[in-house]
Amino acid sequence: MIRLKGVRVHNLKGIDLDIPHRQWLSICGLSGSGKTSLALDTLYAEGQRRYMESLSPYTRQFLQQLDKPDAERIDGIPPSVAVRAVNRKTGARATVGTSTGAAEHLRLLFAKIGDAVCPQCGNKVQCDNPDSAAYELASVEQDKRMQIAFTTDDQLDPLEALTTARRNGFGRAVVNGRSIELSGDIEPRHFTPPTADILVIVDRLKTSTALTRISESLETAFQFGGGRCLVLVESEKDRAGNTTVIDSRTWKVTSLSRELVCGECGFNLPSPTPKLFSSTSALGACAECEGFGSVFEFDMDLIVPDPSLSIREGAIAPWNTPAYEHELEELLELADDYSIPVDRPFSSLNRKTIQLLWDGVPERNFGGLTGFFNWLERRKYKMHLRVFLSRWRKAEPCPQCNGDRLNKPALGFRVGEKNYAQLSRMKLDELLRFFDQLQLADARVALSRGIRRQIETRLRYLNSIGLSYLWLDRQMRTLSGGEAARVGLTTSLSSTLVNMLYVLDEPS
């Protein structure tokens, strides 16, 4: 039981009140009767203040301190959370996903179980580790000769590279298709004709060798090969696949890498982390639009709102203002020399003339529209110039990411054959069905169970309050007041906190 005695906050005149735990309580009354004073300025403020008092002084300095309510006594109040019915100013990066926390968990899901797919050629890309690679090598035909090797650094001189390999304890290398012993002297004849590649042999064994030895040899090759190594398995001549000839024997070559590198086109994908799938991170954001999904471009329909007017009559709107009418005067002065029809309707001008208006005439010191807007861009630190510039531009989908906000490497990861942007644009009810039908391997099910539960809990709550038609990438500033309020409820009410006091300001 929450017991209030002698509360004198704003319009409250020493009231006493008992509020039972684990029940809904509606506070009704006329405007100015003290509803908000009781709910927010008393109950929420005291519950939050007492919770903050349990934190260390160092932590409290980063939190907003609430005033202590004017009351004789307040007992039995739990930690409190308030959901206010206010219009919050949100930027272009605030979306339904970021506001509810679903986007954060979705990024974590991609980092944990996302399948890498090359964004250029569409091939599946996977990184290798010694244990899994050893298991696959042992599954090929038995008693096949096998060599595990790594390539030397191309920047090193061949003699220096082999000397370094010998110093590291390796005893054999392959130069120009011939095996040489590193225990003896390395002679210049080994490098004629010019060496294209040098392989340092880590181990020579058979495919039937114990997995432990294969795994240890691969680990060594990865270590000295900069995360990459080669496995050569004896093969028949003219057999399909990547092969090489060493000492008159044909070997099938398999490249292994700890990095996510496409074997077909060589595209390098970064290691998946949650920041890679965030449009606010430099690691994952599209470089062209900086993660906004759109770019602002000058629109001719805004620059010339009435194409029936001629240039002399003021068809070019930015040059009609007193501050910039000199631009129009300069254009009229050189119009005759460059055959610019300034008395014809703007809509009748040909493409060449319009291009000249954009590019200007450098030899006459006339920058045209491009030079004019570039001049304004350099001075947009002034507020009135930023406002003036925005009048002539409109948002267009980013040509590089097509509005997906993320760069190519980030979009190269899939969960259930869908990338992050595709899932973020699915309607919430469709996205929930997608997760219900998602089939994963047993190891990934265990790895993603907790993350999926957090995502699905938020999606079900949004669906239950009538927002199933939204999508996670929907900008918050495009929502109505009621939609934004219901999205705000999701963050608080879909959490797993218990024994909390929830104060909802005008929830209906």
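This passage reports salt bridges, polar contacts, backbone angles and surface features of selected residues in a predicted model.

A search of the whole structure finds 23 salt bridges. Side chains of opposite charge can pair when their charged atoms come close. In helix 1, the side chains of R49 and E53 form one such bridge, with an N to O distance of 2.5 Å. The two residues are separated by about one helical turn, because they stand 4 residues apart in helix 1. R49 is buried, with a relative accessible area of 15%, whereas E53 is partly exposed at 49%. Both residues belong to a network of salt bridges that also includes E46 and R50.

A second salt bridge joins E234 and R249, whose closest N and O atoms are 2.8 Å apart. This pair links distant parts of the chain, with E234 in strand 11 (residues 228-234) and R249 in strand 13, 15 residues apart. E234 is partly exposed, at 24% relative accessible area, and R249 is partly exposed at 35%.

In the salt bridge between R405 and D473, the closest N and O atoms lie 3.3 Å apart. R405 is in the loop between strand 17 (393-397) and helix 13 (408-411), and D473 is in the loop between helix 16 (442-464) and helix 17, so the pair ties together parts that are 68 residues apart in sequence. Both R405 and D473 are buried.

E483, in helix 17 (residues 481-493), is buried but has no salt bridge. The nearest side chain of opposite charge is that of R474, at 4.6 Å, which lies outside the bridge criterion because a salt bridge requires nitrogen and carboxyl oxygen within 4 Å. The side chain of E483 instead has a polar contact of 2.4 Å with the side chain of Y469. With residues up to four places away in sequence set aside, E483 touches L467 and Y469.

D436 is located in helix 15 (residues 428-437) and is partly exposed, with a relative accessible area of 46%. Its side chain makes a polar contact of 3.4 Å with the side chain of R460. Beyond four places in sequence, D436 touches E456 and R460. Between D436 and V7, the C-alpha to C-alpha distance is 50 Å, at a sequence separation of 429 residues.

S37 is found in helix 1 and counts as buried because its relative accessibility is 8%, under the 20% limit. Neighbours within four places in sequence being left aside, S37 is in contact with V9, H10, N11, L12 and T42.

Most residues other than glycine have a negative phi. Phi of R22 is nevertheless positive, near 55 degrees. R22 occurs in the loop between strand 2 (15-19) and helix 1 (35-53), and counts as exposed at 77% relative accessibility. D247 also has a positive phi, near 55 degrees. D247 is placed in the loop between strand 12 (243-246) and strand 13 (249-257), and is partly exposed with a relative accessible area of 39%.

On the surface, Y58, F62 and L63 make a nonpolar patch of about 360 Å². Y58 lies in helix 2 (residues 57-60) and counts as exposed, with 58% relative accessibility.

How values were computed:
Residues numbered from 1 in each chain as written. Predicted model: local features only at pLDDT ≥ 70, side-chain atom pairs only at ≥ 80, totals over all residues. Heavy atoms only, no water. Patch = residues over 30% accessible without salt bridge, like charges linked within 9 Å, V, L, I, M, F, W, Y side chains within 5 Å. Areas by Shrake-Rupley, 256 points an atom, 1.4 Å probe, with all protein chains shown as cover. Buried < 20%, exposed > 50% of the residue type's maximum accessible area, 1.4 Å probe, protein only. Lys, Arg positive; Asp, Glu negative; His and termini not counted. Polar contact = N/O pair within 3.5 Å; in protein donor to acceptor, adjacent residues only side chain to side chain. Contact = heavy atoms within 4.5 Å.
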